[in-house]
Amino acid sequence: MQSGHMLIEEPVRLASVLTPTKTKFFPSLTKIVATLGAKSRSVETLEQCLKAGMSVARFDFSSMDAAYHQETLNNLRKAVDNVKQLCAVMLDTVGPELQVKNPTGEPIVLDAGNRVTITPDLSKATSAEIFPLNFDCLAKAVKAGDTIFMGQYLFTGSETTSVWLEVLETSGQDVVCEIKNTATLAGPIFTLHAAQVRIDLPTLSETDKQIISTWGMDNKVDIISLSFTRHAEDIRELRAFLKSHKLDDTQIFAKVEDFEGLEHFDEILQEADGIILSRGDLGIDLPPEDVFLFQKSAMRRCNCAGKPAIITRVVDSMVNNLRPTRAEATDVANAVLDGTDGILLGAETLRGPYAVDAIKTVSRICGEAETVYNQPQDFKRILRSVAEPMENLESVASTAVRAAIKVKAAAIITYTTSGRSARLIAKYRPTMPVLAVVFPRNESDSSSWTINGIGKARQCLSLRAVYPVPTNPNDVGATSEAALKLALDYGKSINILKDCDRVVLFQKIGDSSVVEIVDIGDVV
């Protein structure tokens, strides 16, 4: 890759743009999180999603029940077995989501200039004049002049199915608003977001606790996406809840969606295992001209902390179209150049008819952007952010990345039981795949492998560039030579490695961490 590697700062000749490039890695180093639903839950479609580049499957519990999601997950497991490719499972909590239900599903036409009343009286029917809301304290939280956004945009990505409201006055528990744009609301549920307004509801709802303690526990989910994370305490509360339900190894990704999450971002980042930048809601709380500033700043912080950053709402138009807009394609590429670890697809794969195409398209754009990604710049920035003296393991991990680039290695290989060495290597943004051989912990109960071995391997799928190498309980205590052969064979099987390639091996020997350059042809 390095021989033809062009940094984005270098002059780009038009001819080089017009000449089709051969992206070295497909799927891309950047990971794809796909939300599963009506259009993406059959075994056949899930097999195609996996082959197209889906690394993490997201289950959104703001719609459909546990039985529906269980059927989808069972289909995913069949697809994983069929294509022999791991896939992490992410449970997305509902959180303090404000909803207006439209039981009939009939379209509601709203005309700009008219008034509508938001009321907590759920006995009233939803209409163009009345919106019954599942929250009785909105009138206490808002004031005249505040902006409220409501509709299906956060589900569909279409502005035409959503409405902007301006608060005129409050009357008891009711909120009277002026309709700012003509729109037709359709569907059974409309979400409501009050811009920069504190909503006094718990981040981890009782519904979320019930789902996690049943569906989440039964399926030993790999990652929980905590919707509307607003404080570091939200993460600590969820972690304590997971521990009480024997889900200690489940990772927590904080989903930052509003101004409170922005205010406490650094504290949240310190507690969370990863960050999801939910640009749908953030685009309501922030002026449009400030969204890109937050994205760049947040990603830089995540990169320096060595924690995955995932962004949402990139190719909304692919909910209904086979191709993204030019602006969306550029947005995906810029996210890669900014340092994102993954792209989260929502409605595009949940209900859009082009789920597989959306994954393929985003993966191709990411792969192309990776060929001009300025890794040396970010490497130096991340290195400068680490306090001295640097921990030995991280020092050697950064050296492994630098060595791999210098010798033009086809991959970096590391052995791990916890995934930590893989995370440290990924932190320094390698330009080649990282083959992480995830060994099960040496425990007396081999059945724990399902949780402690494969689970840790699946969690590595949220890390940019990391490809976990499947192992089994019999591999506990395997020699370095056997582990290396396992990694090389796997790399060849997925077309990452060839016999003429060179790899960099990063491993712990006793209390020391070492880096070794290996020519594959010399390995018998």
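Student: In this predicted model, is Arg-502 buried, partly exposed or exposed?

Tutor: Residues under 20% relative accessible area count as buried and those over 50% as exposed. Arg-502 has a relative accessible area of 33%. Because this value falls between the two cut-offs, Arg-502 is classed as partly exposed.

Student: With which residue does Arg-502 form a salt bridge?

Tutor: Side chains of opposite charge can pair when their charged atoms come close. For Arg-502, the closest N and O atoms of the pair are 3.0 Å apart. The pair links strand 21 (residues 502-509) with strand 22 (residues 512-519), the two residues being 17 residues apart. The partner of Arg-502 is Asp-519.

Student: How many residues apart in the chain are Lys-427 and Glu-394?

Tutor: Lys-427 and Glu-394 form a salt bridge, with their closest N and O atoms 2.7 Å apart. This pair joins distant parts of the chain, Lys-427 being in helix 17 (residues 420-427) and Glu-394 in helix 16. Along the chain, the separation is 33 residues.

Student: Why does Lys-427 count as buried?

Tutor: A residue is called buried when its relative accessible area is under 20%. Lys-427 meets this condition, and Glu-394 is likewise buried at 9% relative accessibility. Lys-427 counts as buried because its relative accessibility is 9%.

Student: How many salt bridges does a search of the whole structure find?

Tutor: One of them joins the side chains of Asp-316 and Arg-313, at 3.1 Å from N to O. In addition, Arg-58, Asp-60, Asp-92 and Lys-255 are linked in a network of salt bridges. For the whole structure, the search gives 26.

Student: Which helices each supply at least two residues of the positive patch?

Tutor: The patch of positive charge lies on the surface and gathers Lys-380, Arg-384, Arg-402, Lys-406 and Lys-408. Lys-380 is found in helix 15, and it counts as exposed at 53% relative accessibility. The helices that each give at least two residues are helix 15 (375-385) and helix 16 (392-406).

Student: What is the phi of Lys-408?

Tutor: Most residues other than glycine have a negative phi. Lys-408 is found in the loop between helix 16 and strand 18 (411-416). Although Lys-408 is not a glycine, its phi is positive, at about 55 degrees.

Student: Which residue is joined to Pro-389 by a cis peptide bond?

Tutor: Most peptide bonds are trans. Pro-389 lies in the loop between helix 15 and helix 16, and its cis bond has an omega of about 0 degrees. The residue joined to Pro-389 by this bond is Glu-388.

Student: What separates the C-alpha atoms of Gln-251 and Asp-273?

Tutor: Gln-251 is in strand 14 (residues 251-256) and is buried, with a relative accessible area of 10%. Not counting residues up to four places away in sequence, Gln-251 touches several residues, including Asp-222, Arg-423 and Asp-273. Gln-251 and Asp-273 are 22 residues apart along the chain, and their C-alpha atoms are separated by 6.0 Å.

Student: What percentage of the residues in the protein chain is buried?

Tutor: The chain has 19 helices and 22 strands. In helix 2 (residues 43-52), the buried residues include Thr-45, Leu-46 and Cys-49, and part of their cover comes from helix 3 (66-83). Of the 524 residues in the protein chain, the buried share is 56%.

How values were computed:
Residues are numbered from 1 along each chain as its sequence is written. This is a predicted model: local features need pLDDT of at least 70, side-chain atom pairs count only at pLDDT 80 or more; totals for chains, interfaces and linings use all residues. Side-chain values use heavy atoms; hydrogens and water are left out. Patches are made of residues with over 30% relative accessible area and no salt bridge: like charges are joined within 9 Å, nonpolar side chains (Val, Leu, Ile, Met, Phe, Trp, Tyr) within 5 Å. Accessible areas come from the Shrake-Rupley method with a 1.4 Å probe; for residues, only the protein chains shown count as cover. A salt bridge is a side-chain nitrogen of Lys or Arg within 4 Å of a carboxyl oxygen of Asp or Glu. Lys and Arg count as positive and Asp and Glu as negative; His and the chain ends are not counted. The place of a charge is taken as NZ of Lys, CZ of Arg, CG of Asp or CD of Glu. Helices (H or I, at least four residues) and strands (E, at least two) are DSSP runs, numbered from the N terminus. Buried means under 20% relative accessible area, exposed over 50%, partly exposed in between (1.4 Å probe, protein chains only). Contact means heavy atoms within 4.5 Å.
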